[in-house]
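Here's a walk through the fold, helix by helix, with a stop at the inside and a couple of odd loop residues. Keep the model open and follow along.

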Amino acid sequence: MPMDWYEAEQEQAYSEFVDSLAAELYDEYKELAIEEFVSTRLASYYKEHKHIAEQAMAFLKKARSYQDSDPTASLLYSATAMEVLLKSVLIKPIIYGLVHTESLAEIVASNLVKQTGVDRFKELVFGILEHHVEFDGGIQKYCRDDSEKPLWKEREDVQKLRNCVLHQANSCTDLESKLSFEVAWTFVNLTSLLLSNIGFKLSKGGVIVREAE
């Protein structure tokens, strides 16, 4: 059912609000996010929410199993896994840590992540990763192995492919399916490096555990 004028106005207003809030969070708290929050609040969040990566990892496992038999299904699984990983395992914990009122933190983080795309929080994600993981030439130019295109640009390409499947009933090729999986897996590896830096790791089942466990 198409939106009426009032609904469209509301959606536009909310989108502008989220853009403004995302920018404000980054500009006002980027040093706090990098220097203070990552070492304390982020670790605390992962300790309390150790299952947040499980579904993403389960979808990546399904994506791998469908690569040969159904590339389009494989792409949908891996692209969705990547989005969940970014929103639930990276962006939501970052936003949670920037909200100083504990009782509001979960509400704000959950609603912002649910209602908006990941691009608005790109700089926060990059800042956190770059503080904990060494990138030759910086994360803005970071490319996965066997690729000359920046990783974030490849993520955008995969998202467009996923949207074409969902909204236009397009099929995808074996190469496109493989691209989606490899890009998603690269984000898993980056997440693992971040977790390792603060004393955690991803178990085989996708549970976040202490490295000593």
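Start with helix α2 (residues 54-66) and α7, whose axes come within 11 Å and cross at roughly 150 degrees. Axes here are lines fitted to C-alpha atoms, for helices over the stretch in contact, and angles run from 0 to 180 degrees between N-to-C directions. Angles under 35 degrees count as roughly parallel, over 145 as roughly antiparallel, 65 to 115 as roughly perpendicular and the rest as oblique, so α2 and α7 are roughly antiparallel to each other. α2 passes α7 in a left-handed crossing, meaning that the near helix is turned anticlockwise from the far one by less than a right angle (right-handed if clockwise).

Before going on, a word on what you're looking at: this is a predicted model, where local features need pLDDT of at least 70, side-chain atom pairs count only at pLDDT 80 or more, and totals for chains, interfaces and linings use all residues. Residues are numbered from 1 along each chain as its sequence is written, and side-chain values use heavy atoms, with hydrogens and water left out.

Now zoom out. The protein has seven helices and two strands, and along the sequence the pattern reads α-α-α-α-α-α-α-β-β. Helices (H or I, at least four residues) and strands (E, at least two) are DSSP runs, numbered from the N terminus. Of the 213 residues in the protein, buried ones make up 42%; buried means under 20% relative accessible area, exposed over 50%, and partly exposed in between (1.4 Å probe, protein chains only).

Back to α7 (174-197), which has other partners. The axes of α5 (122-132) and α7 come within 9 Å and cross at roughly 60 degrees, so this pair is oblique. α6 (151-168) packs against α7 at an angle of about 135 degrees, with the axes 10 Å apart. That makes α6 oblique to α7. The α5 and α7 crossing is left-handed, and the α6 and α7 crossing is left-handed too.

What about empty space inside? The structure holds one cavity of 30 Å³ or more, and the largest cavity has a volume of about 50 Å³. On a 1 Å grid over the protein atoms alone, a cavity is a set of points where a 1.4 Å probe fits but cannot get out, and lining residues have an atom within 4 Å of a point. Grid points are joined across faces, edges and corners, and a volume is the space filled by probe spheres set on the points. The lining of the largest cavity is made by Phe126, Ile139, Tyr142, Pro150, Leu151, Trp152, Phe187 and Leu190. α6 and α7 are the elements that give two or more residues to it. By class, that lining has eight nonpolar, no polar and no charged residues (Ala, Val, Leu, Ile, Met, Phe, Trp, Tyr, Cys and Pro count as nonpolar, Asp, Glu, Lys and Arg as charged, and the others, Gly among them, as polar).

Finally, the loops. Aspartate 146 lies between α5 and α6, and its phi is near 70 degrees, a positive value in a residue other than glycine. Aspartate 146 is exposed, at a relative accessible area of 83%. Alanine 169, in the loop between α6 and α7, also has a positive phi, about 60 degrees, although it is not a glycine. Alanine 169 is exposed as well, at 69%.

Isoleucine 198, in the loop between α7 and β1 (200-202), counts as buried at 13% relative accessibility. Its C-alpha atom is separated by 8.5 Å from that of leucine 42, 156 residues apart along the chain.

Key: 1 Å grid on protein atoms, 1.4 Å probe; cavity = no way out; pocket = protein on both sides within 12 Å on 5 of 7 lines; lining within 4 Å.
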